[in-house]
Amino acid sequence: MEARISETAISQLRRGVLEFCVLALLRDGERYSYELVRALGDADGLVTTEGTLYPLLGRLRREGVVDTTWRESPSGPPRRYYRLTPDGQAALGGFVIEWTRFRDSVDALLGNGVLR
Amino acid sequence: MTTDTLHPLAAEYLARLRRAGRGLPPGRRRELLAEIEAHLSEAIDPSASDAQALTVLDKLGDPEAIIAAETPRLDELPAPRGTREWVAIGLLLFGGFIFVLGWFVGLILLWSSRAWTTRDKWIGTLVIPGGLASSVVIGLIAIGAPTKKICHAFNGGGQHCTNAAGQSTPSSILGVVVFALLVLAPIGTSIYLARRAA
């Protein structure tokens, strides 16, 4: 029972944070979908099913925080390239500040808990 | 880009995804399938072993889970019916009893709402103008008129009238049917509007 509770909590945390990880990956320039999905999939403990990232990418498009263009690839099918919009940049900037505060507070509290 | 260039297991996976996604809005289904197909053709070489293909598919997750993630969430759906819409439906149905004016207020709310299409709004307006109040008035006239006529024809008192009503039974039944239809029509419209706005 306890294990299940922490599992939902972690999956909710992941869901809340993932979209900003996508934005962060685009900070230094555009990337295409497969690159994004692999980068997130390879990060330890961040993504359990890579396929569900595609619906997330779709939502970010509709929210206007990313822009996309399809381009031919040298090999295989065309690729969809993603880049940050000004809205996306602002959202990422805001999240970085909030996340740093959040992480430091949680770390401090968890650290205290361990010491006791 | 065709499924011929896909590994057989990848093609099978894509077919499963296509089936699972039948309930999605067509545009979103098409985009999602294009993205996943691109992923599959990039991640799995057509000549890869089944074990390699299965490893990639495992990482991708169940097609059903992907579709569930793509299904629009409640906050993404168009404006649901709110208090305004309920008030509009209520006034269209019962507003006629509030000096008829209530029905007109309902009409204004109906036409200013974004929850309904123009067709819905015309149905709400025309079936039946005035709502239940009109039904009751028209229905009472329909039932009452023949009785009265015959009463007058017999020139008279209470007993004559009862007999006359007995004789005019067929037209009374017709009156009751018309009355029932007139009452049911605006109620049906209300249910229809409530559902369309959901």
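Helix axes here are lines fitted to C-alpha atoms over the stretch in contact, and angles run from 0 to 180 degrees between N-to-C directions. On that basis, the axes of α2(A) and α2(B) come within 10 Å and cross at roughly 70 degrees. The model is predicted. Chain A mixes four helices with three strands, whereas chain B has 10 helices and zero strands.

**Chain A: overall**
- Chain A has 116 residues, and 22% of them are buried.
- Its elements follow the pattern α-β-α-α-β-β-α along the sequence.
- Take the contacts in chain A with a separation of 6 or more: residues 24 or more positions apart account for 49% of them.

**Chain A: the sheet**
- Strands pair through backbone hydrogen bonds, either parallel or antiparallel.
- In chain A, three strands form an open sheet in the order β1-β3-β2, with antiparallel pairing.
- β1 and β2 of chain A are the edge strands, as each pairs on one side only.
- Strand β1 of chain A (residues 31-32) is joined to strand β3 of chain A (residues 79-84) by two bridges.
- In that pairing, A:R31 stands opposite A:Y82, and A:Y32 stands opposite A:Y81.
- Six bridges link strand β2 of chain A (residues 66-71) to β3(A), again in the antiparallel sense.
- Here A:T68 has A:Y82 as its bridge partner.
- A:Y82 thus appears in both pairings: it faces A:R31 and it partners A:T68.

**Chain B: overall**
- Chain B has 198 residues, of which 27% are buried.
- From the N terminus on, its elements run α-α-α-α-α-α-α-α-α-α.
- Among contacts in chain B with a separation of 6 or more, 66% are between residues 24 or more positions apart.

**Chain B: helix α4**
- Helix α4 of chain B spans residues 63-70, and its buried residues are B:P63, B:I66, B:I67, B:A69 and B:E70.
- These five residues lie on the same side of α4(B), because they cover an arc of only 160 degrees around the axis.
- The cover over them comes from both chains: it includes α3 (53-63) of chain A, and α1 (8-20) and α2 (26-43) of chain B.

**The A–B interface**
- Across the interface, 18 residues of chain B are in contact with 15 residues of chain A.
- On the chain B side, the elements giving two or more residues are α2, α3 (50-60) and α4 of chain B.
- The largest share of that side is 10 residues, and it comes from α2(B).
- By class, the chain B side has eight nonpolar, three polar and seven charged residues.

**The α2–α2 crossing**
- Two packed helices are described by the angle between their axes and the distance between the axes.
- Helix α2 of chain A covers residues 33-42, and its axis crosses that of α2(B) at roughly 70 degrees.
- Angles of 65 to 115 degrees count as roughly perpendicular, so α2(A) and α2(B) are roughly perpendicular to each other.
- From α2(A), the contact uses A:S33, A:Y34 and A:V37.
- From α2(B), it uses B:E35, B:A38, B:H39 and B:E42.
- By class, the contact of α2(A) with α2(B) has three nonpolar, two polar and two charged residues.

Key:
Residues are numbered from 1 along each chain as its sequence is written. Chains are lettered from A and ligands numbered from 1 in the order in which they are written. This is a predicted model: local features need pLDDT of at least 70, side-chain atom pairs count only at pLDDT 80 or more; totals for chains, interfaces and linings use all residues. Two strands pair if DSSP finds at least two bridges between them. A residue is buried if 20 or more other C-beta atoms lie within 10 Å of its own, exposed if 12 or fewer, and partly exposed in between; C-beta atoms are placed from the backbone. The arc is that of the directions from the helix axis to the C-beta atoms. Two residues are in contact if their C-beta atoms, placed from the backbone, lie within 7 Å. Angles under 35 degrees count as roughly parallel, over 145 as roughly antiparallel, 65 to 115 as roughly perpendicular and the rest as oblique. Ala, Val, Leu, Ile, Met, Phe, Trp, Tyr, Cys and Pro count as nonpolar, Asp, Glu, Lys and Arg as charged, and the others, Gly among them, as polar.
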